Each structure stands twice: as structure tokens, then as C-alpha cells.
Amino acid sequence: MYPDDRALLMVGESFNTADFYYATRFLFPDPAIFVDKGDGNTLIVCTDFERDVAAAHSKAARVRGFRDYGGDELRSKPRHEHLAEITLRVLRDEGITRAVTTDDIPLSVADYVRADGIDLT
């Protein structure tokens, strides 16, 4: 765990975000979600197109796709809402209520999960 028993949450892409690349060791051209609860069971959630390659080449213990979190039903929403809702669903599914993040998280995602009660710093 990270400070105060918080999980690490990163949302973004790794082509231009060194922290995201360092955590995953995989280059994502599209936004993805990375969660580390400090127990070694790290999780990447990415596009289903990148899922198999990420599973084979990233250092994450688990890789899931956006569809696993209802990504198809959210396609009608604007992209920033789509990513924010999937991020919230990932956090809820992982039982995370407190997380630390980097400065690179999209503000729309941070605001969205905070509005739903996630303690994000």
C-alpha cells in the first residue's frame, strides 16, 4: 500500500507519461487504467484491442478490458465520461475507496471519482 493504506491509481497513456510506462512497462497509445494496491496483484484496464498484447508484455499481474466494466454500454457518453465511469467501476470492483494518483490523471476522471466518494489525493 501507499501512504495511509491508499492504492495507487494512474489513468492515461504511457507514450507521453513516464510514470505510467515505468509502472506498466508497456506503451499504451490510448488511455488505460493502472491500479496497484501494494499486494503485487497489479491491474491494467485497457482497450480490448490492446488487452492480449498488454497481458503478454506488461509487468501487470492482471489485464482486463474496458468491456469487462461495461465499456460497450458507455460508448454513447462523451469520451471523458466513458473513461471516468470505467475508472470508478474498476475502483469499486477492486474495493478501493482511497487512492493516490499522479499529476497526469485527467481532471474529469479525478472529479468524477471524488464526486462518488473516492478519497483521491
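Threonine 101 has its place in strand β5 (residues 98–101), where helices (H or I, at least four residues) and strands (E, at least two) are DSSP runs numbered from the N terminus. The model is a predicted one, in which local features need pLDDT of at least 70 and side-chain atom pairs count only at pLDDT 80 or more, while totals for chains, interfaces and linings use all residues. Residues are numbered from 1 along each chain as its sequence is written, and side-chain values use heavy atoms, with hydrogens and water left out.

The side chain of threonine 101 reaches the backbone oxygen of leucine 9 at 2.6 Å. Setting aside residues up to four places away in sequence, threonine 101 touches Leu9, Met10, Leu120 and Thr121; contact here means heavy atoms within 4.5 Å.

Leu9 and Met10 also appear around phenylalanine 34, a residue of strand β2. Phenylalanine 34 is buried, with a relative accessible area of 3%. In these terms, buried means under 20% relative accessible area, exposed over 50%, and partly exposed in between (1.4 Å probe, protein chains only). Not counting residues up to four places away in sequence, phenylalanine 34 touches Leu8, Leu9, Met10, Phe20, Ala23, Thr24, Thr42, Leu43 and Ile44. Phenylalanine 20 is 14 residues from phenylalanine 34 in sequence, and the two are 7.8 Å apart in space, C-alpha to C-alpha.

The loop between β1 and α1 (18–24) contains threonine 17. This threonine 17 is buried, at a relative accessible area of 12%. A polar atom of its side chain lies 2.9 Å from the backbone oxygen of glutamate 13. On the way from α1 to β2 (32–36), the connecting loop holds arginine 25. Arginine 25 has a positive phi of about 55°, although it is not a glycine, and it is partly exposed, with a relative accessible area of 37%.

Strand β4 is the place of arginine 62. At 25% relative accessibility, arginine 62 counts as partly exposed. Asn41, Thr42, Leu43, Ile44 and Glu94 are touched by arginine 62, leaving out residues up to four places away in sequence. With the side chain of asparagine 41, the side chain of arginine 62 makes a polar contact (3.0 Å). Such a contact is a pair of N or O atoms within 3.5 Å; within protein, one must be able to donate a hydrogen and the other to accept it, and residues adjacent in sequence count only if both atoms are side-chain atoms. Valine 45 is 17 residues from arginine 62 in sequence and 8.6 Å from it in space, C-alpha to C-alpha.

Beyond β4 (62–65), phenylalanine 66 lies in the loop that leads to α3. Phenylalanine 66 counts as buried, because its relative accessibility is 11%. Leaving aside neighbours within four places in sequence, its contacts include Pro31, Thr47, Asp48, Gly71, His82 and Leu83. Phenylalanine 66 and aspartate 48 are 18 residues apart along the chain, and their C-alpha atoms are separated by 6.3 Å.

Phenylalanine 66 also belongs to the lining of the largest pocket, together with Asp30, Pro31, Thr47, Asp48, Phe49, Arg67, Gly71, Arg75, Arg79, His82 and Leu83. On a 1 Å grid over the protein atoms alone, a pocket is an open set of points where a 1.4 Å probe fits, with protein on both sides within 12 Å along at least five of seven lines, and lining residues have an atom within 4 Å of a point. The space in the largest pocket comes to about 240 Å³. Both α2 (48–57) and α3 supply at least two residues of its lining, and the largest share, three residues, comes from α3. By type, the lining divides into four nonpolar, three polar and five charged residues.

The account ends with helix α4 (residues 107–115), whose buried residues are Val109, Ala110 and Val113. These residues lie on the same side of α4, because they cover an arc of only 100° around the axis, the arc being that of the directions from the helix axis to the C-beta atoms. Their cover includes β1 (7–12), α3 (79–93) and β6 (119–120). The face of α4 turned away from this buried side carries the exposed residues Leu107 and Ala115. Just after α4, glycine 117 takes a positive phi of about 100°.

Terms used: Grid points are joined across faces, edges and corners, and a volume is the space filled by probe spheres set on the points. Ala, Val, Leu, Ile, Met, Phe, Trp, Tyr, Cys and Pro count as nonpolar, Asp, Glu, Lys and Arg as charged, and the others, Gly among them, as polar.
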